[in-house]
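Work through the three exercises below with the sequence and the structure open. Each task is followed by a solution in steps.

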Amino acid sequence: MDVQTEPNRVVRTSLKGRVWLAEIDNPPVNAGALAVRAELLSALRNLPVGASAVVIRGTGRCFVSGSDLKEFSGPLLAPEWPEVFAAVEACPLPVVAAMHGVALGGGYELALACDWRLAAAKTLVGLPEVSLGILPGAGGTQRLPRLTGRAEAIRLICSAARVEAQQALALGMVDAIVEPDDVLACVERLVAENPGKRRLMELPVEDGEELADVSERAVAKAPNWAAAERTVEMVSKADLARPAAEALAEERAIFHMLRASDQAAALRHVFFAERAAAKAAPRVEQAAPVETVGVVGAGTMGAGIAATLAAAGLSVQLHDADSDALARGLARVVDALEGMGRHGKLKGSVEEAVARTTSAGTIAALRNCDLVIEAVVERLDIKRAVMGALCEVVSSRTVLASNTSYLDIDAIAAGASMPERVLGLHFFAPVPRMKLVEVVAGAATGDEPLVRAMALARRIGKLPIVAGNREGFIGNRIYAAYRAQCEFLVQEGAMPWDVDKAIEAMGLAMGPFKVGDLSGLDIGWHMRRSKDASRDPAARYVDLPDRLYEMGRLGRKTGAGWYAYPAGGGRPEPDDVVAKLVREGARGPVPDAERIRRRALGAIVNEAALVLAEGVARSADDIDLVMLNGYGFRRETGGPAFMASRMSAAKRSEMLDEVEAATGFGFRRGYVEKLVSNLL
C-alpha cells in the first residue's frame with residue numbers, strides 16, 4: 001500500500017511499494033536552494049519501515065538544474081550540498097537518481113553521490129561550474145573521474161559540457177537510460193539483482209602523457225579563469241591514497257575561495273544579465289514564427305547573415321541587384337556553411353543548409369518572406385530606397401529589418417509605406433561567430449514585429465539586446481568615445497602598440513588600433529568626413545589617423561596601418577614610421593600603462609552612463625552584454641559597468657577626472673553613479 005506524506009513541501013516523499021520516493025518540487029527548474037537541501041536531508045534521515053531503496057527525482061521539466069546562484073553572493077546556509085551528499089552515501093539503502101530534463105552542477109553532483117544514476121533519453125547532464133568561475137564543489141572533481149577517468153573528467157568540467165544521455169551512458173556518467181514511467185519498476189529490478197550499497201569504483205588506469213596533455217590544453221583554453229586551473233589540480237589529485245573526507249574538504253575550500261572572487265562575481269553578473277535580456281521583448285497575444293527570410297545585399301554582411309539563417313534551419317532567399325555580386329555572395333554562403341559544418345554549428349548537413357539558400361533575382365521574389373533584412377551599403381538614401389521598394393511587394397505581415405550599425409531607423413523607415421513594420425537588426429561581423437544583435441525599434445515600430453525579430457535572433461543562436469534609436473545605438477556610440485580617448489593617448493605620446501597591450505591586459509581581446517587595422521582605416525576616414533560639417537570646432541581632434549590614410553596605410557589589407565604587416569605574415573608588428581609620427585606630434589607627458597587603462601575604461605563608463613540616462617539602453621546589464629558580446633571584453637571581466645561597480649566611488653571619480661581633463665568638457669558624475677547602482 002502506498003503511503004503519502006508531507007504533500008506541501010519542496011521535497012515530497014511517499015512510499016511506493018518498497019521504494020521511498022523523494023520528489024523535488026521547486027519550480028521552475030528545481031534549483032538546489034536551501035529548502036531543497038534541508039528537506040532532502042530530512043527525507044534521507046527518516047526512512048520508513050519496509051523500504052528497500054530510495055529514489056530521488058524532480059517534478060516538472062527537469063531533475064535539478066543546479067544550485068540557486070542567488071545564494072552565492074553571501075554565506076551559504078547549512079545544510080550545504082556536501083552534508084546532504086554525505087547522508088546519501090551513509091544511507092543504509094541504495095539511493096537512485098532518476099534524472100530527466102537537465103541535471104547540471106549541484107544537480108548532477110547529487111546524482112554522482114547516489115549508488116545508481118538513471119536518465120531519460122533526452123536528459124542533459126554535466127558540471128558547468130567553471131563557466132561561472134568556480135569548480136564543482138560538492139564532490140564533482142572526486143566522483144566523476146571514477147566514472148569517466150581523469151582525462152575525460154577534466155575535458156568535461158573545464159569545457160562546461162552539457163552531455164546528452166546516450167553519450168553520458170557511453171562515458172559511464174549514467175548507468176542506464178530509463179523513461180520516467182519505468183523508473184520504479186527498474187529500481188525494483190536493480191535492487192533485486194544488486195542488493196546493498198554499491199561499492200566505490202576504482203579510478204580507471206590512464207596514460208600519464210595524455211592526462212598531462214589534456215590538462216595543459218584545458219587550462220590554455222581558459223587562461224584567465226582560475227577555476228580551470230584548480231579543477232585540473234583537484235581532478236589530478238583524485239587518485240591519491242588519502243581519506244575521501246580530506247579530498248572533499250579541500251575541494252569545498254577551493255570552491256568557497258573561488259565563489260568569493262571578483263571573477264566569479266563577474267560571471268554570475270553576466271549569467272543573470274543574459275536571463276534578464278531574454279525577457280526584454282514586449283508581450284503580444286500572437287507573434288507568428290519566422291520561417292522564410294529574405295536578405296537584400298550579397299556582400300560580406302549579407303552573405304554572413306544568410307549563412308547564419310540557413311545554418312539554423314530557416315529558408316533563405318538572397319537578393320542583390322548586381323548579378324555578379326549575387327553569385328559571389330552565394331559562394332560566400334557556401335564557404336561559410338562548410339566552415340560551420342566543420343565546427344558542428346549546423347542544423348542538419350551542409351548540403352541541406354545550402355539547399356535552403358536560394359537566389360532571388362528580383363526584389364519581387366521576396367514577396368512571401370516572413371521577414372526581410374536589408375544589408376546594403378551604409379548609406380541612408382540607398383537603405384531608404386530599398387525599404388520603399390520592399391513595401392511595394394511584401395505582405396503587410398512581413399517584418400522589415402535594416403542591418404545598419406548607426407543610421408537613424410526612423411529616417412530609413414521614411415521610405416516605407418508601412419513604417420510600423422520597420423526596425424533595426426544590427427548584426428556584428430563576422431556574423432556566423434558574433435553572438436550579439438542590437439534590435440532597434442523606431443518611433444512607429446509595432447510590438448509584434450519587435451517580438452518576431454527578437455525570437456528570430458534567439459532561434460539563430462544570437463543574443464538580442466534592445467537599443468534605442470540614437471546614432472551608433474549602444475555599442476558603436478560607446479566604442480566611438482573609447483576609440484577617441486585612445487587616439488588622445490597616442491597624441492600625447494603613447495605608442496599605439498603600448499595602448500593596445502595595456503588595454504588587452506585590462507580585459508579586452510584586442511586593442512583599438514589592432515581592431516582599426518583589421519576593419520580598415522578607410523572606414524574611419526569616411527566616418528570622420530561625414531561629420532566634418534557638424535563637428536564642434538572647439539572639440540579635440542587627432543589628425544594622425546587622417547595622415548595614415550593619406551599615406552595609403554589602410555591596415556591589414558594594404559600591409560600597413562597603425563602596425564606593419566610583413567609580407568607573408570599576418571602578425572602586426574610595431575612600425576618605425578608610425579613611431580616617428582607619434583614622437584613628432586607628442587603633447588606629453590607620455591601616459592603609462594595604468595593611466596592608459598584608467599582613461600580607456602573611464603571613457604567607456606562615462607559614455608555608457610549617458611547611454612543609460614538617455615534611455616538608449618534599458619539597463620547597465622544590457623550595456624555590459626553589448627560590450628562583452630560585440631566589442632571584445634572578456635566574459636570574466638563582467639563588462640565595463642560591472643568593472644566600475646567594483647571600484648570605490650573615489651577611484652571612479654579619479655578615473656573620470658583624468659578623462660574629463662583629456663576630453664575638455666564636463667561630465668555629469670551622478671550619471672555614472674546611477675549606472676553602477678543599476679546593476680542586478
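The exercises deal with one helix, the nonpolar cores and one pocket of this predicted model.

**Exercise 1.** Find which residues of helix α7 are buried, and explain why they lie on the same side of α7.

Step 1. Helix α7 covers residues 183-193, and its buried residues are Val183, Cys186, Val187, Leu190 and Val191.
Step 2. Residues three or four places apart in an α-helix point the same way, because a turn takes 3.6 residues.
Step 3. The buried residues of α7 span an arc of only 130 degrees around the axis, so they are on the same side of the helix.
Step 4. On the face turned away from that buried side are Ala192 and Glu193, both exposed.
Step 5. The cover over the buried residues of α7 includes β3 (19-24), β4 (53-58), β5 (95-99) and β7 (116-119).

**Exercise 2.** Describe the largest nonpolar core and the contacts of Leu390.

Step 1. This core has 86 residues, and Leu390, Ile474 and Ile623 have the most contacts inside it.
Step 2. Helix α24 (residues 593-613) contributes the most to the core, with 9 residues.
Step 3. Beyond its neighbours within four places in sequence, Leu390 touches Val296, Ile363, Leu366, Val372 and Leu400.
Step 4. A separate second core has 71 residues, among them Ile56, Val130, Ala138 and Val232.

**Exercise 3.** Characterise the lining of the second largest pocket.

Step 1. The pocket holds about 1,300 Å³ of space.
Step 2. Its lining has 50 residues, with Ser65, Ser67, Leu69, Phe271 and Arg275 nearest the centre.
Step 3. Helix α11 supplies the largest share of the lining, 6 residues.
Step 4. By class, the lining comprises 23 nonpolar, 11 polar and 16 charged residues.

Methods
Residues numbered from 1 in each chain as written. Predicted model: local features only at pLDDT ≥ 70, side-chain atom pairs only at ≥ 80, totals over all residues. Heavy atoms only, no water. 1 Å grid on protein atoms, 1.4 Å probe; cavity = no way out; pocket = protein on both sides within 12 Å on 5 of 7 lines; lining within 4 Å. Points joined across faces, edges and corners; volume = space filled by probe spheres on them. Helix = DSSP H or I, 4+ residues; strand = E, 2+ residues; numbered from the N terminus. Nonpolar A, V, L, I, M, F, W, Y, C, P; charged D, E, K, R; others polar. Core = buried A, V, L, I, M, F, W, Y, C linked by side-chain atoms within 4.5 Å. Buried < 20%, exposed > 50% of the residue type's maximum accessible area, 1.4 Å probe, protein only. Contact = heavy atoms within 4.5 Å. Arc of directions from axis to C-beta.
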